[in-house]
Amino acid sequence: MPFTALGLVPALAQAAAELGFTAPTPIQQAAIPAVLQGQDVLATAQTGSGKTAAYVLPLLQRLQGAPLHTPRRVRALVLVPTRELAAQVGEVLRSLAQHLTERPKVAVLFGGVSINPQMMALRGGADVVVATPGRLLDLVEHNALRLSAVDMLVLDEADRLLDLGFADELARVLALLPVQRHTLFFSATFPPEVQALAGGLLRTPERIDIPSAPVADAVVLQRVIQVDADRRTQLLRKLIKDNGWERVLVFVATQYAAERLATKLHHGDLYATSFHGGLSQGARKQALDEFKQKRWDVVVTTDLAARGIDIAQLPVVVNFDLPRSAVDYVHRIGRTGRAGESGLAVSFVSADTEAHWNLIEKRQGLSLPREQIAGFEPVEVAVPRNPVGPDNGGIKGKRPSKKDKLRAAAAAAALEAGAQSTPE
Ligand code: AMP
């Protein structure tokens with residue numbers, strides 16, 4: 001089905017084709033006609049589904065004919081949780097608008113960088129603003145823009161906006177918008193607080209549900225490798241070398257671990273760097289740009305890179321440390337196998353994370369074969385989760401000490417808490 005069949009003008013269809021979009025993805029097929037007709041949309045969609053173009057294309061079309069370039073009057077506002085997503089959506093807007101005769105002015109606003117260039121950029125107005133809520137409010141307070149003429153509002157990754165603690169800022173931004181407007185709401189998950197937010201913002205929306213993990217099925221090959229925790233670095237290096245993997249995104253649990261592993265790999269003759277929230281905005285942008293330009297073989301990251309960031313055709317994702325929850329797992333492996341490309345997601349499981357992995361598998365309805373790599377067969381034995389309970393008779397040759405028991409009980413409690421908590 002061509003994009004024009006969804007009601008898009010040829011200039012937008014042509015720009016989509018030039019980005020390599022040959023046919024609309026399911027979310028685009030569902031959302032584009034609804035948005036073009038002016039309907040509110042409530043969509044469950046993951047990054048990787050093509051959700052950005054699903055709202056950017058019809059948004060651009062609806063702006064055609066509207067009076068553009070009016071100083072300080074924003075027509076469309078896209079709220080996003082992170083700087084990276086803001087920058088990415090800005091790029092998609094600009095690329096898809098390139099053949100339009102009336103090209104809207106796009107401003108991308110986020111915190112963590114000086115406010116002055118953003119104030120300058122807003123001089124003479126912006127038709128479309130893509131922003132994180134905090135910086136947007138700062139700029140409104142500086143009188144750099146007004147939101148009273150916004151007639152299209154997009155909330156992208158609404159669940160993450162709430163997870164990251166933007167609820168108050170969001171409420172303040174929403175209070176500045178006209179009540180009469182067209183609202184598009186995208187979220188990967190729908191916990192009660194997200195449902196409540198959507199309920200208050202949308203009017204008889206078109207409900208679109210794209211299955212939660214399209215990437216987890218056919219296009220991403222998922223492998224689970226058993227290895228002792230202290231041999232993971234060596235194994236990772238071997239896998240990268242033996243398989244000729246290029247551009248590997250490796251997830252670890254903490255910023256410290258990201259730095260440490262990146263340094264170790266770098267010393268072991270791989271081009272490796274880190275990407276996490278502890279780096280300055282400049283360093284984060286540089287790492288990402290250079291990874292896209294294939295300067296780095298490996299980027300070691302925390303869950304910061306699990307959502308929102310799009311690096312086209314990322315071939316391999318490695319869970320060096322397992323994610324905290326099944327939802328995080330889906331987000332992480334969603335970095336590979338994007339929009340029809342095949343990808344590989346490898347998870348390292350060791351004795352102390354086996355129980356946690358079993359929970360992730362169970363929640364995802366997965367049952368993946370466990371692999372072992374010659375020379376890296378694990379020798380560690382799992383400490384039983386409930387050593388004093390009725391199921392403690394399974395492991396021979398290791399009687400848990402008092403310390404082991406305490407440790408196991410604490411680990412089991414943390415696992416349960418981690419598996420039940422909302423990600424990030
Ligand atoms: P998103 O879910 O918006 O983050 O998009 C994920 C990736 O899919 C991006 O690399 C897009 O450029 C790409 N993409 C979006 N729509 C299509 C399409 N119709 N055909 C092929 N790739 C697409």
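## A bridge between strand 14 and helix 14

Arg 370 and Glu 354 make a salt bridge, with their closest N and O atoms 3.3 Å apart. Arg 370 belongs to strand 14 (residues 370-371) and Glu 354 to helix 14, so this contact ties together parts that are 16 residues apart in sequence. With a relative accessibility of 29%, Arg 370 counts as partly exposed. Please keep in mind as you read that this is a predicted model.

## Other salt bridges

Searching the whole structure turns up 15 salt bridges. One of them stays inside a single helix: Arg 135 pairs with Asp 138, and their closest N and O atoms are 4.0 Å apart. Both residues sit in helix 6 (residues 133-141), 3 residues from each other, which is about one turn of the helix. Arg 135 is buried, at a relative accessible area of 10%, whereas Asp 138 is partly exposed, at 33%.

Helix 6 also takes part in a bridge to another helix. Glu 141 forms a salt bridge with Arg 172, where the closest N and O atoms are 3.0 Å apart. Glu 141 lies in helix 6 and Arg 172 in helix 8 (residues 167-175), so the pair ties together parts that are 31 residues apart in sequence. Here Glu 141 is exposed, with a relative accessible area of 58%, and Arg 172 is partly exposed, with 43%. Elsewhere, Lys 51, Asp 156 and Glu 157 are joined in a network of salt bridges.

## Aromatic pairs

The rings offer another set of contacts to look at, and the count comes to 4 aromatic pairs. Among them, Tyr 55 and Phe 186 form a tilted pair, 5.2 Å from centre to centre and with 50 degrees between the planes. Tyr 55 is part of helix 3 (residues 51-63) and Phe 186 is part of strand 6 (residues 182-187), so the pair ties together parts that are 131 residues apart in sequence. Tyr 55 is buried, with a relative accessible area of 0%, and Phe 186 counts as buried at 1%.

Tyr 329 and Trp 357 have ring centres 5.4 Å apart and planes at 75 degrees, so this pair is edge-to-face. Tyr 329 lies in helix 13 (residues 326-333) and Trp 357 in helix 14 (residues 354-364), so the two rings tie together parts that are 28 residues apart in sequence. Tyr 329 and Trp 357 are both buried.

## Charges over rings

Two arginines are worth finding in the viewer. The charged end of Arg 207 is placed over the ring of Phe 190, 4.7 Å from the ring centre. Likewise, Arg 247 has its charged end over the ring of Phe 291, at 5.9 Å from the centre. Phe 291 leads us to the next element, since it is one of the buried residues of helix 12.

## Helix 12 and its neighbours

How far apart are the end C-alpha atoms of helix 12? They are 17 Å apart, which agrees with the 16 Å that the 12 residues of this helix (residues 281-292) should span at 1.5 Å a residue.

The buried residues of helix 12 are Gln 281, Arg 284, Ala 287, Leu 288, Glu 290 and Phe 291. These buried residues pack against helix 4 (83-97) as well as strand 9 (248-251), strand 10 (272-275) and strand 11 (298-301). Just after helix 12, Lys 294 adopts a positive phi of about 70 degrees.

Note on methods
Residues are numbered from 1 along each chain as its sequence is written. This is a predicted model: local features need pLDDT of at least 70, side-chain atom pairs count only at pLDDT 80 or more; totals for chains, interfaces and linings use all residues. Side-chain values use heavy atoms; hydrogens and water are left out. Helices (H or I, at least four residues) and strands (E, at least two) are DSSP runs, numbered from the N terminus. The expected span of a helix is 1.5 Å times one less than its number of residues. Buried means under 20% relative accessible area, exposed over 50%, partly exposed in between (1.4 Å probe, protein chains only). Contact means heavy atoms within 4.5 Å. Rings of Phe, Tyr and Trp (its six-membered ring) pair if their centres lie within 6.5 Å; planes under 30 degrees apart count as stacked, over 60 as edge-to-face and the rest as tilted. A charge sits over a ring if NZ of Lys or CZ of Arg is within 6 Å of the ring centre and within 35 degrees of the ring normal. A salt bridge is a side-chain nitrogen of Lys or Arg within 4 Å of a carboxyl oxygen of Asp or Glu.
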